[in-house]
Amino acid sequence: MRRLESYVAGGWHRPTTNGRTLLDAANNEPVAELCPIAVDPGAAVAHGRDVGGPALRELTFHQRATMLRNVAKMLLDDDTKEQLYELSYCTGATRSDSWIDIDGGAGVLMSYASKARRELPNSTVAIDGAVEALSRDDSFSAVHVLTSRKGVEVQINAFNFPVWGMLKKFAPAFLAGVPSIVKPAAATAYLAEATVRLVVESGLIPEGALQIVCASPAELSTLLDSLTGQDSIAFTGSAAIGATLRSHQAVTEAAVRLNVEADSLNAAVLAPSADPDSAEFDLYAAETVKEMTVKAGQKCTAIRRVLVPQQHLDATAQALVAALENVVVGDPRNPSSDMGPLVSLAQRSDVEASVAALREATVPLLDNSAPSESSGVGAFMAPKLLQATDRWAETIHTVEAFGPVATLMPYSSISEAIELTAAGSGSLVASIYGADSDETGELALGIASHHGRVLIADSTMAAANTGHGSPLPTLVHGGPGRAGGGQEMGGMRGVFSHMQRTAVQGSPSTLTAVTGEHITGSQTRQHKGHPFKLTFDELEVGDSITTESRTVTTADVAAFAESTGDKFYAHTDEAAAARSPIFGGIVAHGYLVLSFAAGLFVWPDEGPVLANYGIDRLRFAKPTYPGDVIHVVLTCKRKTQLDGRGYGEVAWDTQVINQHGEINAAYDVLTMVANSPGRNGAPQ
Ligand code: NAP
């Protein structure tokens with residue numbers, strides 16, 4: 001039998017002593033052996049810090065994003081993926097469960113890759129928020145910069161999603177320039193190990209950016225003890241182990257950042273006016289059944305508490321029982337199985353103990369003995385739907401049966417539904433089903449304080465619904481209180497959580513040099529010709545032109561009103577405009593000012609500027625009156641090379657200034673600018 005190896009400090013380490021046999025969930029056949037680790041796990045921290053981190057920090061966000069996309073493509077290759085699917089069956093996962101784990105994990109990499117290329121600069125530094133002016137004359141300012149921490153992230157993962165659970169942590173850390181060290185859960189470590197092997201052996205990411213320690217918790221001490229304030233731990237698992245880590249010396253004394261994603265008793269709530277004939281009721285029932293049975297209910301986001309208006313209790317019980325009775329529990333390799341076994345016999349014993357505890361305050365609605373396979377050796381368990389006898393009993397809101405188990409409970413009012421949902425003391429997600437947006441809105445805001453994500457489902461979004469139980473890379477995953485208080489993903493929020501935010505104060509020119517982005521007030525280079533004649537490669541941040549002036553006339557304003565149809569009184573009705581507390585007379589349309597500005601700064605001939613694709617941060621700071629004489633100061637603010645496309649994005653700081661030196665309008669003009677011939681894929 002294969003011994004699981006650890007990838008540490010650039011090599012695979014094969015254990016030399018016997019260990020624990022990991023069994024196939026469906027047939028108890030040996031799959032792999034998890035043995036005492038043959039290398040010091042602490043070496044992974046040093047290697048990540050000394051080799052992986054520096055290599056990652058050399059790369060820009062866009063280069064890291066390209067690597068993530070390539071890793072995703074490699075994992076999604078049919079032959080590659082199939083190797084993982086074969087191992088995934090051993091965990092008890094059906095093919096569709098495995099799709100969530102494997103394809104879903106690669107999907108997180110893809111999503112992060114494209115989002116990073118859209119939202120992050122092609123740089124190693126990101127600017128967080130606006131420039132803070134610290135002086136009246138723009139001589140002293142501050143920016144918040146985000147830079148990579150010079151440490152590692154240690155992932156301690158739960159057993160249920162060995163691939164997705166690992167990749168959803170890896171992607172944001174990698175983009176942030178921080179290497180990951182994975183400690184997989186024992187029960188499914190063979191699938192995590194196989195995935196890391198594929199990634200490492202692909203050569204698609206820098207050495208040291210991803211390591212895996214297939215070790216027992218007791219063997220982690222040198223690893224955890226060597227962490228410092230530059231490092232982080234991302235834990236996913238039970239609240240109990242989360243609490244143990246919170247009191248670890250690394251966290252309490254070395255200020256290692258700890259993110260805990262723990263268990264939670266997520267709720268589904270049918271809104272008061274959603275009756276059993278409604279489309280929303282069907283969604284609620286279908287989603288509850290799905291969440292109880294996907295991954296045999298071993299999902300941190302699964303619905304554990306099913307809340308229903310008192311008057312629909314019986315109808316809901318009947319609908320759920322009818323659907324659950326049809327669920328085929330069986331070998332995950334058999335395509336006709338709807339649900340596979342739990343991950344192990346030990347896990348099944350845990351779930352049975354939790355169900356026994358829940359029995360104190362519930363009666364079973366559906367507790368059929370498991371189908372034929374359960375008499376065999378696998379960890380099968382049929383879905384168990386319970387009904388609360390006392391909906392306020394503590395057990396119902398505290399005991400997490402991490403399997404195909406849910407408790408149905410009635411509520412009498414929206415406020416009671418909110419309180420019952422909050423009785424879970426903080427959950428990852430809740431879903432609300434109803435067509436009346438007053439009700440669902442009140443429920444959503446009432447429970448938001450106790451949740452990281454709230455899904456409101458109605459018939460209008462049903463076809464596009466991604467589901468109660470699906471955390472998305474663009475949305476935050478994590479909840480307060482019992483759910484651990486951590487947050488992961490959430491698009492760039494997840495990346496920035498790995499970076500240090502530093503307020504840098506100084507002169508605008510210094511800040512421009514630090515950030516690579518033109519900061520208002522910093523020195524510019526007046527361009528003798530026109531910067532629109534420069535290629536992306538010739539152009540430098542700070543290249544600027546001050547245009548000719550033009551007078552805005554009453555006739556211009558009237559003609560613009562006529563040709564566009566924008567006859568707002570402030571542009572057309574002298575008496576009404578005079579009464580305006582803001583204008584006090586006829587003013588030019590803001591869009592006329594922008595159009596005149598474009599007429600002043602645009603270089604008309606064919607040249608490197610390929611397109612104007614938008615405007616950011618537009619503000620009309622002062623009204624422009626007929627008779628005003630305006631000119632434009634246009635400065636190259638930011639350059640973002642788009643790898644291999646033959647062009648890059650250039651943002652131009654644009655100020656429209658009147659004859660008194662006042663700024664009428666300020667904005668960033670966004671353009672695509674061609675590279676020099678032969679550069680970055682541009683034609684020769
Ligand atoms: P677990 O028993 O808490 O184990 C989680 C991880 O912690 C495993 O890798 C485990 O290693 C490790 N571990 C155990 N003791 C440790 C210690 N003293 N120090 C450091 N690490 C230690 O949880 P699980 O059974 O794998 O997963 C099921 C639980 O995870 C459920 O409660 C579920 O709700 C929760 N979960 C939460 C989320 C979320 O995103 N919030 C996601 C998935 C699961 P070994 O496996 O080697 O013991």
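Buried means under 20% relative accessible area, exposed means over 50%, and partly exposed lies in between, with a 1.4 Å probe and protein chains only. This is a predicted model, in which local features need pLDDT of at least 70, side-chain atom pairs count only at pLDDT 80 or more, and totals for chains, interfaces and linings use all residues. Residues are numbered from 1 along each chain as its sequence is written, and side-chain values use heavy atoms, with hydrogens and water left out.

## Overall layout

The protein chain has 684 residues, and buried residues make up 55% of them. Its C-alpha atoms fill a box of roughly 90 × 65 × 50 Å along the principal axes. The secondary structure comes to 21 helices and 28 strands. These are DSSP runs numbered from the N terminus: helices are H or I with at least four residues, strands are E with at least two.

The chain is divided into domain 1 (2-122 + 148-262), domain 2 (266-481) and domain 3 (524-674). The bounds come from an automatic or database domain assignment. Taken over C-alpha atoms, the centres of domain 2 and domain 3 are 55 Å apart.

## Ligand site

Around the ligand there are 23 residues, and N157, K183, S238, A262 and E400 come nearest. A residue is near a molecule if one of its heavy atoms lies within 4 Å of it. Which domains supply at least three residues each to the shell? Domain 1 (2-122 + 148-262) and domain 2 (266-481) both do.

The shell divides into 13 nonpolar, 6 polar and 4 charged residues. Here Ala, Val, Leu, Ile, Met, Phe, Trp, Tyr, Cys and Pro count as nonpolar, Asp, Glu, Lys and Arg as charged, and the others, Gly among them, as polar.

Polar contacts of the ligand are listed below; the term means a pair of N or O atoms within 3.5 Å.

| Ligand atom | Protein partner | Distance |
|---|---|---|
| Oxygen | A186, polar backbone atom | 2.8 Å |
| Oxygen | H477, N or O atom in the side chain | 2.9 Å |
| Nitrogen | E261, polar backbone atom | 3.4 Å |

On its own, the ligand has 900 Å² of accessible area, and the protein covers 83% of that. Accessible areas come from the Shrake-Rupley method with a 1.4 Å probe.

## Aromatic pairs

The structure holds 10 aromatic pairs. Rings of Phe, Tyr and Trp (its six-membered ring) pair if their centres lie within 6.5 Å; planes under 30 degrees apart count as stacked, over 60 as edge-to-face and the rest as tilted. The ring centres of Y591 and F620 are 6.1 Å apart and their planes meet at 85°, so this pair is edge-to-face. The pair links distant parts of the chain, 29 residues apart: Y591 sits in helix α21 (residues 590-601) and F620 in strand β25 (residues 609-620).

How accessible is F620? F620 is partly exposed, because its relative accessible area is 38%. Y591 has 53% and is therefore exposed. Elsewhere, F281, Y284 and Y433 form one aromatic cluster.

## Positive phi values

Two alanines deserve a look. A255 has phi near 60°, a positive value in a residue other than glycine. Its place is in the loop between α9 (249-252) and β11 (257-261). A255 has 49% relative accessibility, so A255 counts as partly exposed.

Phi of A296 is near 50°, also positive in a residue other than glycine. A296 is found in the loop between α10 (279-293) and β13 (303-309). Is A296 buried or exposed? At 1% relative accessibility, A296 counts as buried.

Conventions: A polar contact is a pair of N or O atoms within 3.5 Å; within protein, one must be able to donate a hydrogen and the other to accept it, and residues adjacent in sequence count only if both atoms are side-chain atoms.
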